[in-house]
Each structure stands twice: as structure tokens, then as C-alpha cells.
Amino acid sequence: MKRDSWFPKRYADTVAKLRVPSGFLLVLAFAWLSSPTIGSLIWGLPVSLVGLLLRGWSAGHLNKNLRLATGGPYACTRNPLYLGTLVVAAGLVIASRQWTLAALFAGVFVFVYLPVIELEQQHLRSLFPGYAAYAARVPMLWPRIPPIPSEGSFQFAQYWKNQEYNALAGFLAGVALLVWKALR
């Protein structure tokens, strides 16, 4: 029997439920441990902004459970939202000047997000007959450059429907906290 997952399904189902609560714990750790300077903000915040823009671009192409997203950033990676999250986190770690946060973010990504990605892949495979061919052409996380030629364009209505503005609000709150901590 071929194994579709690196993680046991029961584990992946459990951590999928913990994804949002673990995010709140990361925010608390970030707020508590960060010790930014103006210099670290200058280096880290642009990196985070790139990740946030990738997330927004991705959300504008995603029509969840109705159409397989293969255009825009989905032509380079099957999981641009998660890649964007990883880039946002990397930028925030740089801005925070706390490498313990890097280890914490990495642990959450490996033990929470990767199993969730696998669950989503299984779901997409069952929902869209063309997913297996798409997955064979496009890498799971690290982007393929140049992208596979694809169709589809960014739709602001999809960005809004996917509530990606919440990521923007969280990013702005994180920036405000970092600036406040750097200036005090």
C-alpha cells in the first residue's frame, strides 16, 4: 500500500485543529521575546512585506473547493499561502532579533503546517481529478522558476472572500508592536 503522508492521519487531523491556537501562542511569544531595533526593522519588515504580498496575490487566485488554483503564484508552488506565511515569519524573526523565535516558528511549521499541507493535498486530490497531474508539475513549497504556463488572473473579490485582509491586519499590528518596542 502506497503511503500518501509523512505524518499519521490522526496526528495531522489533530494538529489541523491546533493551527489557529498555535498561531496565537506564537503571537504571544513574539510580543514577549522580541527586542527590535530600527536597524532590524529596516531589514526584517521588507522581507515580511514580500511574504504578505505573496499571501495576498495567492488569495486573489484561490476559489476554495470550487476550482483548482493553478494560475499566478500557484503556477510556481502548490502552497503559496504557506510559503508567504513562512516569509512573513522570517521577516518578523529578523525584525525581532530573537533567534529563539526562529526555532519556535520552524517547529510550528514542521509539526503543524506540514501535516496540514498534506491533509489539504489529500482533500484536493479527492476533489479535483487533475490535481495529481498538477502536483507532478508544480513543487509543494519551494517555488519553481520560471512558472508553469497557466490561466487565471488575480481577483480582488477572491482576496476579500478569502478574508486575507486579516493577515494584513495582523501584520500591521505586529509592525506597530515592533516599532513601539524599538522606540521605547
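Among contacts between residues at least 6 apart in the sequence of this protein, 84% join residues at least 24 apart. The model is predicted. Its secondary structure consists of seven helices and zero strands, giving the pattern α-α-α-α-α-α-α along the sequence.

**Overall dimensions and surface**

- The radius of gyration is 17 Å, which agrees with the value near 16 Å for a compact globule of 184 residues.
- Taken along the principal axes, the box filled by the C-alpha atoms is roughly 55 × 35 × 30 Å.
- Of the 184 residues, 43% count as buried.
- The protein has an accessible surface of about 10700 Å², and carbon and sulfur atoms account for 70% of that area.

**Helix α4**

- Helix α4 covers residues 99-127, 29 residues in total.
- From its first C-alpha to its last, α4 reaches 40 Å, close to the 42 Å expected at 1.5 Å a residue.
- A bend of about 35 degrees occurs in α4 at Phe109.

**Nonpolar cores**

- The largest nonpolar core contains 29 residues, and those with the most contacts inside it are Leu45, Tyr82, Phe109 and Leu178.
- At least two residues of this core come from each of α1 (9-33), α2, α3, α4 and α7 (165-183).
- Helix α4 supplies the largest share of this core, with nine residues.
- A second core, separate from the largest one, has 11 residues, among them Leu62, Leu68, Phe128 and Ile148.
- Phe109 thus appears twice in this briefing: as the site of the α4 bend, and among the residues with the most contacts inside the largest core.

**Surroundings of Tyr82**

- Leaving aside residues up to four places away in sequence, Tyr82 touches Arg19, Phe109, Tyr113, Val116, Ile117, Glu120 and Leu141.
- One of these partners, Phe109, is listed with Tyr82 among the residues with the most contacts inside the largest core.
- Tyr82 falls within the range of α3 (80-96), while its partners Phe109, Tyr113, Val116, Ile117 and Glu120 fall within the range of α4 (99-127).

**Cys76**

- Cys76 lies in the loop between α2 (38-59) and α3 (80-96).
- Despite this loop position, Cys76 is buried, because its relative accessible area of 12% is under the 20% cut-off.
- Cys76 and Ile42 are 34 residues apart along the chain, and their C-alpha atoms are separated by 28 Å.

Note on methods. Residues are numbered from 1 along each chain as its sequence is written. This is a predicted model: local features need pLDDT of at least 70, side-chain atom pairs count only at pLDDT 80 or more; totals for chains, interfaces and linings use all residues. Side-chain values use heavy atoms; hydrogens and water are left out. Helices (H or I, at least four residues) and strands (E, at least two) are DSSP runs, numbered from the N terminus. Buried means under 20% relative accessible area, exposed over 50%, partly exposed in between (1.4 Å probe, protein chains only). The expected span of a helix is 1.5 Å times one less than its number of residues. The bend at a residue is the angle between axes fitted to the seven residues ending there and the seven starting there. The radius of gyration is taken over C-alpha atoms; the globule rule is 2.2 Å times the number of residues to the power 0.38. Contact means heavy atoms within 4.5 Å. Accessible areas come from the Shrake-Rupley method with a 1.4 Å probe; for residues, only the protein chains shown count as cover. A nonpolar core is a set of buried Ala, Val, Leu, Ile, Met, Phe, Trp, Tyr and Cys residues joined through side-chain atoms within 4.5 Å.
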